[in-house]
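This report looks at one protein chain, its nonpolar packing, its ring pairs and its salt bridges. Please keep the sequence and the structure in view while reading.

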Amino acid sequence: MNAAREWREWLALSLQEQTAEPQGGLGWHSLLPVKARQLYCRRDLERLPELAYLVRSPARRWLARTAWHAGRVGLTWPRSEVCMAREQADLLQQILPADSGASPVLIQFGSPGPFQKVVVLSLSTSGRAWVSKIAFRPGADELLAGEASWLARLGQVAELKASVPELARAGCLSSGRRFLTMPAATVLPSPARLGPLHRAFLAHLCRTSRRDWVWEEAPLRGRLHDRFLRLSRDLASPLLAGTPEAWRWIDSELRGQVITTCIGHGDFAPWNINQDARGITVFDWEYAQDSATPLHDFFHFHSIQRILVRRSRLRPQALMALLQDGRTHLQAVLATADASIDQVARMFGLYLLDTLSMYVESSGGVDARDRVVADCVHSLGTLRLLRRPLSERATGVGAASARWPLPNGANGDATVSTGTR
């Protein structure tokens, strides 16, 4: 293989319909006919591997299993048979530990875009499973390098080691694309509710990495400040109306204050967590960062499910319940932290601003169809609805002053397009 050929070109050429299988090559069968997120299975497998290693959706797993069983009796999706030349198959062996005795059996394309990746499941003759992530687009190289660094770092922390995948192998293919490989964790999915094991993990993550900063010197503040400067044109979009004001409000409220930050996973959600009787395993550390609030992952766990699973909007009463729960969680994690309801609300605002700006930046602009962006904007509007000081609202005491005034005519319930991304 020409070392200058990009990984994406190799994959596009090797997983295409061919009339004849190359000598010594491998045949693959498409289990999911979705163009953007194909799933391929080795055609010569006598037993279908556990799909939950790669496919988190029960509906998609059912469809893929049905396609596999149909293929066993000669019924396949149209144009679903593909072949991989031996040299390309040998290239995939580079991602596995030399003594693993494993071979790739499933290939799953990730979400399309500049950070697209391919996930490969490999099995040894003894049945041991390995999961590998390979950069499909050059933009994913940095993410995978960062994730490999995080796995190596967190694997050295005694309190976290059992809950973080082991980094078995990482590096670059001859094409230049980065990869990392991990022994596969249990496939049992995490419950959708934040339970004691989740809370214990977040507590360990925070306590082992906490740092106190004067707000003006905090890396979190610097990251958001720089990002909002880069996105100044995008933030002028009517869809993001009020977002710059929200950032200025929170930034001014925190000036001169000491704020605690810690490591944040960045995408702490049930589909990135497996659980068994021994505990949980948290994977997909691509978006981890050193400087997050102690409630960033807590808020994300609740918000991202509401957005992508339930597809419901955050109303004032639900927001108050979330803030109160966040306050209880913060008090349990860091007894000495400022857990006032106002401070918790600022942390929620920082979570929304961080998530929204990250999505806009990674998408290369404002996408009105993006559910996460639209919901972050709506949730900021809901936060604005709490015009009285939150500490007084929480205790039922009235107040006349408005902390974050609404634009004329705004009611916080305006709908935004949330079509599929």
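Does Arg346 count as buried or exposed? Arg346 has 10% relative accessibility, and the cut-off for buried is under 20%, so Arg346 counts as buried. The model discussed here is predicted.

**Overall make-up**

The protein has 13 helices and 13 strands. Of its 421 residues, 52% are buried. Among contacts with a separation of 6 or more, 70% are between residues 24 or more positions apart. The protein exposes about 19,300 Å², and 51% of this area is supplied by carbon and sulfur atoms.

**Nonpolar cores**

In soluble globular proteins, nonpolar side chains tend to be buried together. The largest nonpolar core here has 95 residues. Those touching the most other members are Leu31, Phe201, Trp285, Phe299, Leu323, Phe348 and Leu350. Helix 11 (residues 341–363) gives this core its largest share, twelve residues. Leaving aside residues up to four places away in sequence, Phe299 touches Leu322, Leu323, Val344, Met347, Phe348 and Tyr351. A second core, separate from the largest, has 20 residues, including Ile95, Phe109, Ile134 and Phe136.

**Aromatic pairs**

There are eleven aromatic pairs in the structure. One of them is formed by Phe228 and Trp247; the rings are stacked, with 5.5 Å centre to centre and 10 degrees between the planes. Phe228 belongs to helix 7 (residues 219–230) and Trp247 to helix 8 (residues 243–254), so this pair links distant parts of the chain, 19 residues apart. Phe228 and Trp247 are both buried.

Why is the pair of Phe348 and Tyr351 stacked? The planes of these two rings are at 25 degrees and their centres 6.3 Å apart, and planes under 30 degrees apart count as stacked. Phe348 and Tyr351 are both in helix 11, three residues apart, about one turn of the helix. Both residues are buried. Elsewhere, ring pairs link Phe201, Phe268, Trp285 and Phe301 into a cluster.

**Salt bridges**

The whole structure contains 22 salt bridges. Three of them are listed below.

| Salt bridge | Closest N to O distance |
|---|---|
| Arg177 and Asp141 | 2.5 Å |
| Arg255 and Asp251 | 3.1 Å |
| Arg346 and Glu253 | 2.8 Å |

Which parts of the chain does the pair of Arg177 and Asp141 tie together? Arg177 is in the loop between strand 7 (169–172) and strand 8 (178–183), while Asp141 is in helix 4 (residues 140–154), so the pair ties together parts 36 residues apart in sequence. Arg177 and Asp141 are both buried.

The salt bridge between Arg255 and Asp251 joins residues of unlike exposure: Arg255 is partly exposed, at a relative accessible area of 42%, whereas Asp251 is buried at 7%.

The pair of Arg346 and Glu253 connects helix 11 with helix 8, and therefore ties together parts that are 93 residues apart in sequence. Glu253 is partly exposed, having a relative accessible area of 24%, while Arg346 is buried.

Salt bridges with shared partners also join Lys117, Lys133, Glu147, Asp284 and Glu286 into one network.

Technical notes: Residues numbered from 1 in each chain as written. Predicted model: local features only at pLDDT ≥ 70, side-chain atom pairs only at ≥ 80, totals over all residues. Heavy atoms only, no water. Helix = DSSP H or I, 4+ residues; strand = E, 2+ residues; numbered from the N terminus. Buried < 20%, exposed > 50% of the residue type's maximum accessible area, 1.4 Å probe, protein only. Contact = heavy atoms within 4.5 Å. Areas by Shrake-Rupley, 256 points an atom, 1.4 Å probe, with all protein chains shown as cover. Core = buried A, V, L, I, M, F, W, Y, C linked by side-chain atoms within 4.5 Å. Phe/Tyr/Trp six-rings, centres within 6.5 Å; stacked < 30°, edge-to-face > 60°. Salt bridge = Lys/Arg side-chain N within 4 Å of Asp/Glu carboxyl O.
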